[in-house]
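Have a look at the fold below and keep the viewer handy. We'll walk through how some of its strands line up, and then turn to what packs around them.

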Amino acid sequence: MPQASAHASDATCHLRRLVDFAEPRPDDTCLDLGCGASDVLGPWVHRVTSTDAASLPEGPFTLITASLTPTLDADPVDLLRRLLGVCAGRLVIADVVRTRAGDSGRVERVRDPARTTTRSFDELVDLVRQAGGATRRLDVFTIERPVEPWLAQAGGCADLRAELTAELDGGPKTGARPRLIGRELWFTQSWAYVAAEPVSEEQAEAAPPRR
């Protein structure tokens with residue numbers, strides 16, 4: 001269980017870990033899509049471009065960081081295929097993933113209706129394969145966050161706050177694993193980082209058939 005910290009920034013609580021996982025190099029030309037990693041990557045690399053799924057710039061980029069959710073109007077396989085098409089190095093996907101205990105995906109959707117789905121870790125890896133990429137490294141972990149700033153970012157949600165509080169008193173499991181730290185309500189998110197790279201036609205032809 002990760003240590004909760006009252007000093008952790010709600011907006012950047014996992015970005016340092018993302019940078020460590022991405023292993024940026026001084027000569028990297030980076031593209032950030034929805035991760036909010038531009039400011040953190042900036043001191044480490046040659047150049048960072050931040051954009052959204054609707055306006056991907058021309059590459060090549062040697063490091064791409066991307067979040068696939070919310071994907072209100074985007075086909076995730078098509079988006080990954082386009083990202084791999086401008087990738088001349090590695091693509092790092094960072095996303096909240098579903099847990100086994102309770103429906104944490106529903107919790108995320110109640111808090112933010114624009115989040116059309118919360119995938120499992122295996123589903124993220126399979127999306128990479130469908131898009132023509134190869135997974136090279138993986139990291140799955142949990143972070144604890146204070147509930148109130150998280151809800152405030154989406155305009156607040158009294159019903160969800162009530163559900164999390166009820167779970168503390170023995171109510172139905174939400175998948176968010178709430179607990180009190182001091183007098184403040186915190187919850188747990190599960191995250192996955194997937195490092196992938198494009199697969200050439202020669203590599204694809206040489207790969208064994210998938211069972």
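Strand β4 (residues 87–97) and strand β7 (residues 184–198) run antiparallel, joined by 7 bridges. Strands here, like helices, are DSSP runs numbered from the N terminus (E, at least two residues, for a strand; H or I, at least four, for a helix), and two strands pair if DSSP finds at least two bridges between them. To find the ladder in your viewer, pick I93, whose bridge partner in β7 is V194.

Before going further, a word on where this comes from: it's a predicted model, in which local features need pLDDT of at least 70 and side-chain atom pairs count only at pLDDT 80 or more, while totals for chains, interfaces and linings use all residues. Residues are numbered from 1 along each chain as its sequence is written, and side-chain values use heavy atoms, with hydrogens and water left out.

Now for β4's other partner. Strand β3 (residues 61–66) pairs with β4 in the parallel sense, over 5 bridges. Along that ladder, L63 sits opposite R90 and T65 sits opposite V92. β3 also runs parallel to strand β1 (residues 29–33), with 4 bridges between them; there, L33 stands opposite A66.

How covered are these strands? In β4, 9 of the 11 residues are buried, where buried means under 20% relative accessible area, exposed over 50% and partly exposed in between (1.4 Å probe, protein chains only). β3 is mostly covered too, with 5 of its 6 residues buried. Over in β7, T188 counts as buried because its relative accessibility is 4%. Leaving out residues up to four places away in sequence, T188 touches T142, I143, E144, G175, A176 and R177, a contact being heavy atoms within 4.5 Å.

So what about the greasy part? A nonpolar core is a set of buried Ala, Val, Leu, Ile, Met, Phe, Trp, Tyr and Cys residues joined through side-chain atoms within 4.5 Å. The largest one has 23 residues, and I64, L68, L80, L83, L91, I93 and L124 touch the most other members. Two or more residues come from each of β1, β3, α3 (76–85), β4, α5 (121–130) and β7, with α3 giving the most, 5 residues. For a closer look, take I64: beyond four places away in sequence, it touches L31, L83, V86, C87, R90, L91 and V92. Apart from this core lies another, of 20 residues, including F21, A22, A37 and V96.
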